[in-house]
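Visitor: I am new to this structure and would like to go through some of the terms used for it. Please give the reason for each one.

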Amino acid sequence: MTAVHRSVVYDWLRHDKKFPHVWCPGCGLGILLGSLVRSLAQGGYDKNQVVLVSGIGCSGRLPVYVDVGSVHTTHGRALTFATGIKLAKPELKVIVVMGDGDATAIGGNHLIHAARRNLDLTAIIVNNLNYGMTGGQYSPTTPLGAKATTAPYGHSEPSFDISALTVTAGASFVARSTVYHVTQLDQMLGQAIAKKGFGVVEVLSPCHTNYGRQNRLGSQVEMMKGFKKQAVRADRWDKVSPAEREGRFPIGVLADHGRPTFWETYEGAIERAQAIRKEG
Amino acid sequence: MAAETTKPSRRPAKSARKGQSRLLQGNEAASLGALAAGCNFFAGYPITPASEITEYMSREMPVRGNPFIQMEDEIASIGACVGASLAGRKAMTATSGPGFSLMQENLGYAMIAEIPLVVVNVMRGGPSTGLPTNVAQGDVQQARWGTHGDHPAVVFCPSSVSECFELMVMAFNTAERFRTPVIFLADETVAHLREKVVLPAEGDLEVIDRRRPAVPPDWYVPYKTDGSLIPRLADLGEGYRYHVTGLVHDERGFPTRRADEVEPFYARLFGKISRHFDDLMLTKQYSLDDAEIVLISYGCTARSCRAAVRLGRERGIKLGLLQLLTLWPFPRQAVEAALTGRKAALVPELNMGQISREVKRVNDGRTQVIRHSKMDGTMITPEEILGRMREVA
Ligand SMILES: Cc1ncc(C[n+]2csc(CCOP(=O)(O)OP(=O)(O)O)c2C)c(N)n1
Ligand code: SF4
């Protein structure tokens, strides 16, 4: 087991990138990084055919550590860059890492359109319930009533359910997990990456230095224990009564269906265009 | 005039027969120029008066098996172009004022990460939605300084339909050669003008492609440069697994804040353009040699200036014109030469003096520089220009 792990790390992490990483000690992003490289290694992908794209924020710093082509873009726009890469070279595996701010605030429109188009991309959305990098301001996923540096008296807005949003927008695959449920997280990432079409994995991750501290949730360990308590397996979610659902969320696969990807339907347009042009 | 729409043409356009003369609209000629220069990726969002380019590309890209996508907005459009360019495509997007404003952040990204691409901005009246179907030249300084931070800028500006074709080829070649975004700044009048254009035969066109690494992936240092100051660009997915970021980065592409790396980085970014000023700054002259009064102009306004020169000379006024085809870098040497020994210089433009300010900056006491601004959504006429002569003479 250790031997396997060491070779995964050796194969998939950048040798010319100096550690330690930029994240706070105990941040969930390190666990996600491990999970991502394990799912890539287990999927048997060719490093030269994988491209990691990210937005801006703590989560945006993740791709730089992975030994693949990596593009750290502008805040909220990772999916747009990824769209261009994927259309330019459809054979590439393009994986996009975004924060909840990236994905649902500044880039919310790109998210729903990427899902609608069913671009063959994998979107990993790191939901830490706030803006980590800029110091714990509220985001569209901050729960009603929670504290944030821009919600000192408790947040006045209800929050987005990222997974539900992307299911509705038409993603081919949607799953949710947390950095506490590492084995499941590996699986969910593996499935999403393997899946043709737009795949989304929402990953709950503790931001103990900002969100946790402001809401007195304790250390990162306490926050992880919180995930354990709050998470319910998706196949058992129906059995949870509405009263008991408060503060809890389903984890696991939430949507999984096949639908033609953008490139597949566009190929039809190419054929029609060429036929019309030949006729003159 | 109420609706901000243009009629789409139903049939796919006949592909350009090279080496032949054709009657073309400015936006069509710009599109053809892009295709001739090797453009094989287009992402855009419709806006008047640039929509014909997006429509043209939607017809031509699939015929060639290349991607066309109408994105959800202009931020997404230029983002997709950056991604496509990194994956090896020659990418273009086309927009007008409001969309150009939205693109600025990612334009800065392309600048700092050194990604070749072409952004078309067909100017209309502004700010905001302004005068959607009227001509203006109000985005000249935005094209220079629209994105934040200090950076060089390359901006070409056509005055005729032929120049739309020629400058578009030049825009792509410049983007590829210097690894930089290039702005093609047209105006509504030129974009919608129809003129005869003689398209060059296929072999007569110089098409420049970016320099790709000459070393195997293990040796590639993505931002290390030879004497040219321009790093070689590897296509994503070809075995070169490097990092790209909008942060200031070291030679290996990783973010840095070390003063001894940051300063040289900016110096190189400016240097790679400034050492080629001579190649980049394009101007045309009309009756300039013996002119007593010089007109300095660009875009559709330069057309009125040419007519004014002709009419003026018929009436015994010795007028000459310096037409700017490159707005940025500002063609300083040509402007200085044009100002030297003249009685006066008149700078007519469809804004409150965005280029006349530059002319005054380089004038340095050579002559009297007069601004002629018009902001009513119509062109400056030759008679208006001649009307100002009473003040000058
Ligand atoms: C256009 C723009 N607006 C604002 C910012 C400042 N900014 C940087 S990161 C960030 C939010 C990050 O939050 P999130 O996306 O949730 O990622 P996290 O840091 O929590 O992982 C913001 C607002 C920016 N970089 N660009
Ligand atoms: S601020 Fe929060 S999200 Fe960012 S590294 Fe620290 S713990 Fe992680």
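Guide: We can start with Lys47(A), which sits in the loop between H2 and strand E1 (50-54) of chain A. Keep in mind that this is a predicted model.

Visitor: What does Lys47(A) touch, leaving out residues up to four places away in sequence?

Guide: Lys47(A) touches Asp11(A), Trp12(A), Asp67(A), Val68(A) and Arg241(B). With Trp12(A), the separation is 35 residues in sequence and 7.7 Å in space, C-alpha to C-alpha.

Visitor: What makes the pairing of the side chains of Lys47(A) and Asp67(A) a polar contact?

Guide: The distance is 2.8 Å, and a polar contact is a pair of N or O atoms within 3.5 Å, one able to donate a hydrogen and the other to accept it. The side chain of Lys47(A) also has a polar atom 2.7 Å from the backbone oxygen of Asp11(A).

Visitor: Why are H2(A) and H7(A) called oblique to each other?

Guide: The axes of H2(A) (residues 29-42) and H7(A) (residues 182-194) cross at roughly 50° and come within 9 Å. Angles under 35 degrees count as roughly parallel, and 65 to 115 as roughly perpendicular. The angle fits neither class, and H2(A) and H7(A) are therefore oblique. Their crossing is right-handed.

Visitor: Which residues make that contact between H2(A) and H7(A)?

Guide: From H2(A) come Ile31(A), Leu32(A), Ser35(A), Leu36(A), Arg38(A), Ser39(A) and Leu40(A), and from H7(A) come Val182(A), Leu185(A), Asp186(A), Leu189(A), Gly190(A) and Ile193(A). By class, the contact has eight nonpolar, three polar and two charged residues.

Visitor: What makes H5(A) oblique to H6(A)?

Guide: H5(A) (residues 108-117) and H6(A) (residues 162-169) pack at about 45°, with their axes 8 Å apart. That angle makes H5(A) oblique to H6(A). H5(A) passes H6(A) in a right-handed crossing. Leu111(A), Ile112(A), Ala115(A) and Arg116(A) of H5(A) meet Leu165(A), Thr166(A) and Ala169(A) of H6(A). These residues divide into five nonpolar, one polar and one charged.

Visitor: Why are H1(B) and H6(B) called roughly parallel?

Guide: H1(B) (residues 26-36) and H6(B) (residues 161-178) pack at an angle of about 30°, and their axes are 7 Å apart. The cut-off for roughly parallel is under 35 degrees, and H1(B) and H6(B) are therefore given that name. The crossing of H1(B) and H6(B) is right-handed. In H1(B) the contact involves Gly26(B), Ala29(B), Ala30(B), Leu32(B), Gly33(B), Ala34(B) and Ala36(B), and in H6(B) Val161(B), Cys164(B), Phe165(B), Met168(B), Val169(B) and Phe172(B). The classes are 11 nonpolar, two polar and no charged.

Visitor: Where does ligand 1 lie, and how many residues surround it?

Guide: Ligand 1 lies between chains A and B. It is surrounded by 17 residues, the closest being Cys58(A), Ser59(A), Gly101(A), Asn128(A) and Gly132(A).

Visitor: How do you know that ligand 1 makes a polar contact with Asp100(A)?

Guide: An oxygen atom of ligand 1 is 3.2 Å from an N or O atom in the side chain of Asp100(A), and the cut-off is within 3.5 Å. A backbone N or O atom of Gly101(A) is 2.8 Å from an oxygen atom of ligand 1, and a polar backbone atom of Asp102(A) is 2.9 Å from one.

Visitor: Which residues surround ligand 2, and how do they divide by class?

Guide: The residues around ligand 2 include Trp23(A), Cys24(A), Cys27(A), His208(A) and Asn210(A). The shell divides into five nonpolar, five polar and no charged residues.

Notes:
Residues numbered from 1 in each chain as written. Chains lettered and ligands numbered in written order. Predicted model: local features only at pLDDT ≥ 70, side-chain atom pairs only at ≥ 80, totals over all residues. Heavy atoms only, no water. Axes fitted to C-alpha atoms, helices over the stretch in contact; angles between N-to-C directions. Helix = DSSP H or I, 4+ residues; strand = E, 2+ residues; numbered from the N terminus. Parallel < 35°, antiparallel > 145°, perpendicular 65-115°, else oblique. Left-handed = near helix turned anticlockwise from the far one by under 90°. Contact = heavy atoms within 4.5 Å. Nonpolar A, V, L, I, M, F, W, Y, C, P; charged D, E, K, R; others polar. Near = heavy atom within 4 Å.
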